[in-house]
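This report describes the fold, the interior, the surface and the charged pairs of one protein chain. Please keep the sequence and the structure in view while reading.

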Amino acid sequence: MLVGRVVGSVAASHKNEKLEGAKLLLVQPLDLDGRDRGAPILAIDGVDAGVGDRVLLVQDGKAAQQVLGRGTAAVDAAIIGVVDSLSLEA
């Protein structure tokens with residue numbers, strides 16, 4: 001599981017029928033200090049997140065499929081939560 005920030009959305013006029021109605025978002029993974037880590041990831045939104053939200057992201061296809069409840073749809077990443085706060089204990 002990763003923490004990320006939604007940085008954009010993707011519109012697709014044609015997609016697999018199992019993904020019809022799914023919102024596609026671009027998520028920038030973050031390190032624990034909130035800095036960008038790697039390249040943005042295209043993910044299916046399972047929690048009605050929006051641009052600017054800090055989110056929880058799974059990148060395992062099987063986990064993403066199970067969370068979204070879309071059967072065996074071709075899913076690599078899914079947003080599974082919106083982060084309200086994050087604190088680190090030293």
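## Overall composition

Buried residues account for 33% of the 90 residues in the protein chain. The model is a predicted one. The chain exposes about 5500 Å² in total, and carbon and sulfur atoms supply 48% of that area.

The secondary structure consists of one helix and five strands. Read from the N terminus, the elements follow the order β-β-β-β-α-β. Among contacts with a separation of 6 or more, 53% are between residues 24 or more positions apart.

## Pairing of the strands

Strand β1 has two pairings to consider. It runs antiparallel to β2, and six bridges join the two strands. Within this pairing, G4 has P29 of β2 as its bridge partner. Strand β1 also runs antiparallel to β4, with four bridges between them. Here the bridge partner of L2 is L57 in β4.

Strand β5 likewise appears in two pairings. Four bridges join β4 to β5 in an antiparallel arrangement, and L56 stands opposite G81 of β5. By contrast, β3 and β5 run parallel and are joined by two bridges. In β5, the residue opposite D45 is I79. As a general point, the side chains of a regular strand alternate between the two faces of the sheet.

## The nonpolar interior

Which residues make up the largest nonpolar core? It has 11 residues, namely L2, V6, L25, V27, I41, A43, A49, V55, L57, A77 and I79. At least two residues of this core come from each of the strands β1 (2–10), β2 (24–29), β3 (41–45) and β4 (54–58). A second core, separate from this one, has five residues, among them A22, L24, I44 and V75.

L57 offers a view of the surroundings of one core residue. When its neighbours within four places in sequence are left aside, L57 is in contact with M1, L2, V27, I41, A43, A77, A78 and I79. L2 thus appears both as a contact of L57 and as its bridge partner.

## Salt bridges

The structure contains five salt bridges. In general terms, side chains of opposite charge can pair when their charged atoms come close. One of the salt bridges is formed by R5 and D36, with their closest N and O atoms 3.1 Å apart. Because R5 belongs to strand β1 and D36 to the loop between β2 and β3, this pair ties together parts that are 31 residues apart in sequence. R5 has a relative accessibility of 27% and therefore counts as partly exposed; D36, at 48%, is partly exposed as well.

A further salt bridge joins D45 and K23, whose closest N and O atoms are 3.2 Å apart. This pair links distant parts of the chain, since D45 is in strand β3 and K23 is in the loop between β1 and β2, 22 residues apart. Is D45 buried or exposed? Its relative accessibility is 11%, so D45 counts as buried, whereas K23 is partly exposed at 33%. K23 and D45 also belong, together with D48, to a network of salt bridges. R35 and D31 form another salt bridge, in which the closest N and O atoms are 3.3 Å apart. D31 has a relative accessibility of 22% and is therefore partly exposed.

## The surface and the segment after β5

A nonpolar patch on the surface is formed by L32, L86 and L88, which together have about 290 Å² of accessible area. L88 is located in the segment after β5 (78–82). The relative accessibility of L88 is 53%, so this residue counts as exposed.

S85 also has its place in the segment after β5. With a relative accessible area of 60%, S85 is exposed. Between S85 and R54 the separation is 31 residues in sequence and 9.0 Å in space, taken from C-alpha to C-alpha.

Terms used:
Residues are numbered from 1 along each chain as its sequence is written. This is a predicted model: local features need pLDDT of at least 70, side-chain atom pairs count only at pLDDT 80 or more; totals for chains, interfaces and linings use all residues. Side-chain values use heavy atoms; hydrogens and water are left out. A nonpolar core is a set of buried Ala, Val, Leu, Ile, Met, Phe, Trp, Tyr and Cys residues joined through side-chain atoms within 4.5 Å. Buried means under 20% relative accessible area, exposed over 50%, partly exposed in between (1.4 Å probe, protein chains only). Contact means heavy atoms within 4.5 Å. Patches are made of residues with over 30% relative accessible area and no salt bridge: like charges are joined within 9 Å, nonpolar side chains (Val, Leu, Ile, Met, Phe, Trp, Tyr) within 5 Å. Accessible areas come from the Shrake-Rupley method with a 1.4 Å probe; for residues, only the protein chains shown count as cover. A salt bridge is a side-chain nitrogen of Lys or Arg within 4 Å of a carboxyl oxygen of Asp or Glu. Two strands pair if DSSP finds at least two bridges between them.
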